[in-house]
Amino acid sequence: MNVKGTYNSELRAEQAAATRARIVEAAAEGFAPWTVELPFNKVAERARVSVRTVYRHFPTQLDLLNAVRAHVVEHSGWNPDEVGPETIGPMAARAFEYFGDLLERGGHEPQAQAPGMGELRRQRLEAMERVVAPFSDAMDPEHLRGLCAVLAGMTRVEFLRGMYEQWGLSGAEAGRAVEWAVNTLLDGLRRNASQRES
């Protein structure tokens with residue numbers, strides 16, 4: 001009597017794992033963490049597999065989101081359990097490097113702006129450059145651009161939205177927190193500038 005057994009192939013298992021990893025990476029690059037929507041057809045196209053293959057590995061969008069979240073946590077270097085005063089800076093730097101790489105590989109275009117917003121954006125960026133100009137003489141150009149970006153980021157409406165949604169801060173509370181953070185940063189720049197002059 002011939003009993004039909006289960007066929008296990010190491011090669012097939014390796015190929016399936018590689019396909020799964022490619023799907024997760026494609027989803028991370030192209031969509032998550034930038035959006036909560038993971039259109040399977042676009043993930044499949046980006047991963048160079050069929051939509052059916054995506055569904056075979058991830059029956060629901062939640063399954064794929066969970067796999068992407070685990071992938072991002074593993075690769076970003078951001079571990080909430082290890083965040084402390086000495087580690088938050090280096091961890092944030094590693095996470096931003098990772099997410100910046102995802103942005104570059106994902107080919108993300110800047111978000112479309114409403115008519116007239118481009119001019120307001122230009123004015124905001126010029127304002128940030130004016131704010132840091134007194135401290136920029138001896139500053140490395142990369143640090144100067146980063147400083148402008150941090151200040152601009154802390155004063156954007158999207159930042160307020162995060163403060164409201166994640167921390168429950170009212171507009172007034174968020175405003176006071178940002179004012180304190182900006183003043184603390186600028187006070188540090190003033191001290192550094194005065195130390196260089198003396």
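The following dialogue explains how several descriptions of this predicted model are reached.

Reader: What makes up the secondary structure of the chain?

Author: The secondary structure comes to nine helices and zero strands. Read along the sequence, the pattern is α-α-α-α-α-α-α-α-α.

Reader: How many of the residues in the chain are buried?

Author: Of the 198 residues in the chain, 26% are buried. The chain exposes about 14,500 Å², and carbon and sulfur atoms supply 55% of that area.

Reader: Why is serine 76 called buried?

Author: The relative accessibility of serine 76 is 3%. Buried means under 20%, so serine 76 counts as buried. This residue is found in helix α4, which covers residues 61-76.

Reader: Which residues does serine 76 touch, not counting those up to four places away in sequence?

Author: Serine 76 touches Arg94, Ala95, Tyr98 and Phe99. In addition, the side chain of serine 76 reaches the backbone nitrogen of tryptophan 78 at 3.2 Å.

Reader: Why is threonine 53 buried or exposed, whichever applies?

Author: Threonine 53 has a relative accessible area of 12%. The cut-off for buried is under 20%, and therefore threonine 53 is buried. Threonine 53 belongs to helix α3.

Reader: What makes the approach of threonine 53 and serine 50 a polar contact?

Author: The distance between the two side chains is 2.8 Å. A polar contact requires a pair of N or O atoms within 3.5 Å, one able to donate a hydrogen and the other to accept it. The pair formed by threonine 53 and serine 50 is accordingly listed as a polar contact. Leaving aside neighbours within four places in sequence, threonine 53 is also in contact with Thr19 and Ile23.

Reader: How do you know that the buried residues of helix α2 line one face of the helix?

Author: The buried residues of α2, which covers residues 40-47, are Phe40, Val43, Ala44 and Ala47. Seen down the axis of α2, these buried residues fall within an arc of 100°, so they line one face of the helix. They pack against α1 (10-30), α3 (51-57) and α4.

Reader: What is found just after α2?

Author: Just after α2, arginine 48 takes a positive phi of about 60°.

Reader: Why is isoleucine 88 called partly exposed?

Author: Isoleucine 88 has a relative accessible area of 42%. Buried means under 20% and exposed means over 50%, with partly exposed in between, so isoleucine 88 is partly exposed. This residue is found in helix α5, residues 88-106.

Reader: Which residues make a nonpolar surface patch with Ile88?

Author: Trp78 and Val83 make this patch together with Ile88, and its area is about 230 Å².

Reader: Why is glutamate 126 called partly exposed?

Author: The relative accessible area of glutamate 126 is 35%. Partly exposed lies between the limits of 20% and 50%, and therefore glutamate 126 is partly exposed. Glutamate 126 lies in helix α6, residues 117-132.

Reader: What makes the pair of glutamate 126 and arginine 122 a polar contact?

Author: A distance of 2.3 Å joins their side chains. The cut-off is within 3.5 Å for a suitable pair of N or O atoms, and the pair is listed as a polar contact.

Reader: What separates the C-alpha atoms of glutamate 126 and cysteine 148?

Author: These C-alpha atoms are separated by 9.3 Å, and the two residues are 22 residues apart along the chain.

How values were computed. Residues are numbered from 1 along each chain as its sequence is written. This is a predicted model: local features need pLDDT of at least 70, side-chain atom pairs count only at pLDDT 80 or more; totals for chains, interfaces and linings use all residues. Side-chain values use heavy atoms; hydrogens and water are left out. Helices (H or I, at least four residues) and strands (E, at least two) are DSSP runs, numbered from the N terminus. Buried means under 20% relative accessible area, exposed over 50%, partly exposed in between (1.4 Å probe, protein chains only). Contact means heavy atoms within 4.5 Å. Patches are made of residues with over 30% relative accessible area and no salt bridge: like charges are joined within 9 Å, nonpolar side chains (Val, Leu, Ile, Met, Phe, Trp, Tyr) within 5 Å. Accessible areas come from the Shrake-Rupley method with a 1.4 Å probe; for residues, only the protein chains shown count as cover. A salt bridge is a side-chain nitrogen of Lys or Arg within 4 Å of a carboxyl oxygen of Asp or Glu. The arc is that of the directions from the helix axis to the C-beta atoms.
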